[in-house]
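Reader: Please take me through the model below, one point at a time. I would like a criterion with every term.

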Amino acid sequence: MNLYHKPGFVSQKALGARSFFYVGGRQIAESGKSYMDGQMFVEAYVPNVVRHPDPIIFFHGAGQTNVNWLITPDGRKGWADYFVEQGYCVYLAEQPSRGRSAYHYSPGNPLIYHDLDDIRKRFASGQGEWPQAARYSQWPGQGDTDEDAAFWQFAKSQVEYLPDNRRSQELILACMEELLSITGPAILLTHSQAGPFGWNILDRFPDLVKGVVALEPSGPPFSGNLERPVAMNYGISQLLLRFTPKIQSPEDFSLKLLKAPKEGLIDGWIMEDACRLPHFAGKPILLLVSEASYHAQFDHLTSAFFTQAGVPHDFVRLEQVGIYGNGHMMMLEKNNLEIAAWIGGWLEEKVS
């Protein structure tokens, strides 16, 4: 195992100012002591020249921190610096009970973590068991070898996280009124486990969301057993969304099976009787999926859910726009800035 790493250094010429602060949280008293719980650490970066009026708030996925956006495992420029250079104010939100957003242990509040072998298969190699995995080519290190310094940098960046996605979504939502009061109306950029954060925030604060970029958001919808049509959540969120007609619990959904449209994709549940999401109306939404990610098998089902819910959106597979070989951690891979540039073009056209 190669534990030696040469640090990368990224120019900050475009950076005009930065800040670090916490939002949300509450005081908890136990056994004669008290502590803060549920607060969220936020990093803010302001360019020398602000060219875009709408800031971007970034939300990382499971087991990750804001490091995802700051620099790649092999020391190249990350998306935070890229979008600052493009003239966006950037806010990086570190999930409550994760990283620098303090976690307090209790028997009912455990943590879990990614297994290293699973990390390599899912994020850093072509070893995955889904059919698209064989197309993977964008990991920035040496690949399937213990001498891959980039992989070990990535492995060292992994942290424990809450196993209860509903709890994580509740904690994020509780922080957002304060954060949005600081940022003003903003673009939300979410990844993986953070996908539902964007949907929950948009549903709760539609006037303060200018658009959503969802990189391979949690799915597939309803996450039920294919043997019987039982909804385990509200399709795209563990939290109740404001559907029309009104939905009060997952049991209110009547589901039907959508057969995979082609080989390499999977079947999944969609709504039998479509319910609408009126608070999503008029908001630019991008669902972006990589060619070789495990999400490539099922993100078409999230797109189908949005179509049923009356939510116009762009569902884009990177290979359709000439960007090939990426996996789930696209923001860290060899062509990360090519993907960032494509997203920037979409924002220019659809939001700005």
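Reader: Does Gln 95 count as buried or exposed?
Author: Relative accessible area decides this: under 20% is buried, over 50% is exposed, and partly exposed lies in between, using a 1.4 Å probe and protein chains only. Gln 95 has 2% relative accessibility, so Gln 95 counts as buried.

Reader: What are the ground rules for these values?
Author: This is a predicted model, in which local features need pLDDT of at least 70 and side-chain atom pairs count only at pLDDT 80 or more, while totals for chains, interfaces and linings use all residues. Residues are numbered from 1 along each chain as its sequence is written, and side-chain values use heavy atoms, with hydrogens and water left out.

Reader: Where is Gln 95, and which residues is Gln 95 in contact with?
Author: Gln 95 sits in the loop between β4 (90-94) and α3 (116-123); helices (H or I, at least four residues) and strands (E, at least two) are DSSP runs numbered from the N terminus. Contact means heavy atoms within 4.5 Å. Leaving aside neighbours within four places in sequence, the contacts of Gln 95 are His 60, Gly 61, Ser 101, Ser 168, Ile 172, Gln 193 and Phe 197.

Reader: Which residue forms a salt bridge with Arg 100?
Author: A salt bridge here is a side-chain nitrogen of Lys or Arg within 4 Å of a carboxyl oxygen of Asp or Glu. Arg 100 is partly exposed at 37% relative accessible area, whereas its partner is buried at 1%. The closest N and O atoms are 3.0 Å apart, and the partner is Glu 94.

Reader: How many residues apart in sequence are the parts that Asp 54 and Lys 210 tie together?
Author: The side chains of Asp 54 and Lys 210 meet in a salt bridge at 3.1 Å, N to O. Asp 54 lies in the loop between β2 (33-47) and β3 (56-59) and Lys 210 in strand β6 (residues 209-215), so the pair ties together parts whose separation in sequence is 156 residues.

Reader: Are Asp 54 and Lys 210 buried or exposed?
Author: Asp 54 has 7% relative accessibility, so Asp 54 counts as buried. Lys 210 has a relative accessible area of 32%, so Lys 210 is partly exposed.

Reader: How many salt bridges does the structure hold?
Author: Another of them joins the side chains of Asp 314 and Lys 350 at 3.4 Å, N to O. That pair links distant parts of the chain, 36 residues apart: Asp 314 in strand β10 (residues 314-317) and Lys 350 in helix α8 (residues 336-350). Salt bridges that share partners also join Asp 37, Arg 166, Arg 167 and Glu 170 into one network. The count for the structure is 12.

Reader: What arc do the buried residues of α8 cover?
Author: α8 has 15 residues and reaches 21 Å from its first C-alpha to its last, close to the expected 21 Å, which is 1.5 Å times one less than the number of residues. Its buried residues are Asn 336, Ile 339, Ala 340, Ile 343, Gly 344, Trp 346 and Leu 347. They lie on the same side of α8 because the arc around the axis, taken from the directions from the helix axis to the C-beta atoms, is only 160°.

Reader: Which elements do the buried residues of α8 pack against?
Author: Strands and a helix are both on the list. The elements are β3, α2 (79-85), β5 (186-191), β6, β9 (285-289) and β10.

Reader: How many of the 10 residues of helix α7 are buried?
Author: The buried residues of α7 (residues 299-308) are Asp 299, His 300, Leu 301, Thr 302, Ser 303, Ala 304, Phe 305, Phe 306 and Gln 308. Their cover includes α6 (195-204), β7 (255-258), β8 (268-271), β9 and β10. The helix is largely enclosed by the rest of the structure, because its number of buried residues is nine.

Reader: What phi does Gly 310 take?
Author: Gly 310 comes just after α7. Its phi is positive, at about 70°.

Reader: How many disulfides does a search of the whole structure find?
Author: A disulfide is a covalent bond between the sulfur atoms of two cysteines, and the search criterion is a pair of cysteine sulfur atoms within 2.5 Å. Cys 89 is buried at 16% relative accessible area, and Cys 275 is buried at 7%. The number of disulfides found is zero.

Reader: Which residues does Thr 183 touch?
Author: Thr 183 is in helix α5 (residues 165-183) and is buried, with a relative accessible area of 11%. Not counting residues up to four places away in sequence, Thr 183 touches Pro 55, Ile 57 and Tyr 91.
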